[in-house]
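Subject: Structure for your study

Dear colleague,

Please find the structure below. An account of what was found in it follows.

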Amino acid sequence: MKYFIGFCFLLFLFIHSKSLAQCKLKIHGVVKDADTGEPLPFSSIALKDLPGGVYADESGLFTLSDVCAGQVELLVTHLSCEKINLNFNLVSDTPPIVTGK
């Protein structure tokens, strides 16, 4: 019985470490106006159904860290633009360029 419990614990650690390794990706990019190409500073960028998010800096640059691989939906908002939803499959660190309307 001791060996079975030890095996289950090791199996749990192995599975848990694999799942954590897949959640170390980054999404970074710049939010720009679709018409002018100018950066949209202080835009809000978040992943759908997850708490938190980030704000772009004064140059429109942003980075979301510790994102899990797989299908993601990026939500981008700015006061002077329509809200944008971007869906894509995240397999490695991704540098999207987001344009607002």
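I begin with a pair of strands. Strand 5 (residues 70-77) and strand 6 pair in the antiparallel sense over seven bridges. Here, strands (E, at least two residues) and helices (H or I, at least four) are DSSP runs numbered from the N terminus, and two strands pair if DSSP finds at least two bridges between them. One partnership in this pair links L74 to L86, the latter in strand 6. A hairpin of six residues joins strand 5 to strand 6.

The model is predicted: local features need pLDDT of at least 70, side-chain atom pairs count only at pLDDT 80 or more, and totals for chains, interfaces and linings use all residues. Residues are numbered from 1 along each chain as its sequence is written, and side-chain values use heavy atoms, with hydrogens and water left out.

The wider sheet is open and consists of four strands in the order 3-2-5-6, with antiparallel pairing. Strand 3 and strand 6 (84-90) stand at its edges with a single partner strand each, so one side of each is left without a neighbour in the sheet. Strands of a sheet pair through backbone hydrogen bonds.

How confident is the predictor in the chain, in terms of pLDDT? The average pLDDT (the predictor's confidence in each residue, from 0 to 100) is 78, and 70% of the residues score at least 70. Among the elements, strand 3 (residues 54-55) has the highest mean, 97, and helix 1 (residues 2-21) the lowest, 42. Over residues 1-20 pLDDT stays under 50, and the model has zero contacts (heavy atoms within 4.5 Å) beyond four places in sequence for them. Where pLDDT is low, the predicted coordinates should not be read in detail.

Next, consider A56, which lies in the loop between strand 3 and strand 4 (61-67). Is A56 buried or exposed? Its relative accessible area is 2%, so A56 is buried (under 20%; exposed is over 50%, and partly exposed lies in between, with a 1.4 Å probe and protein chains only). Leaving aside residues up to four places away in sequence, A56 touches L40, F42, S43, I45, L61 and F62. P41 is 15 residues from A56 in sequence, yet their C-alpha atoms are 5.8 Å apart.

Yours sincerely,
A colleague
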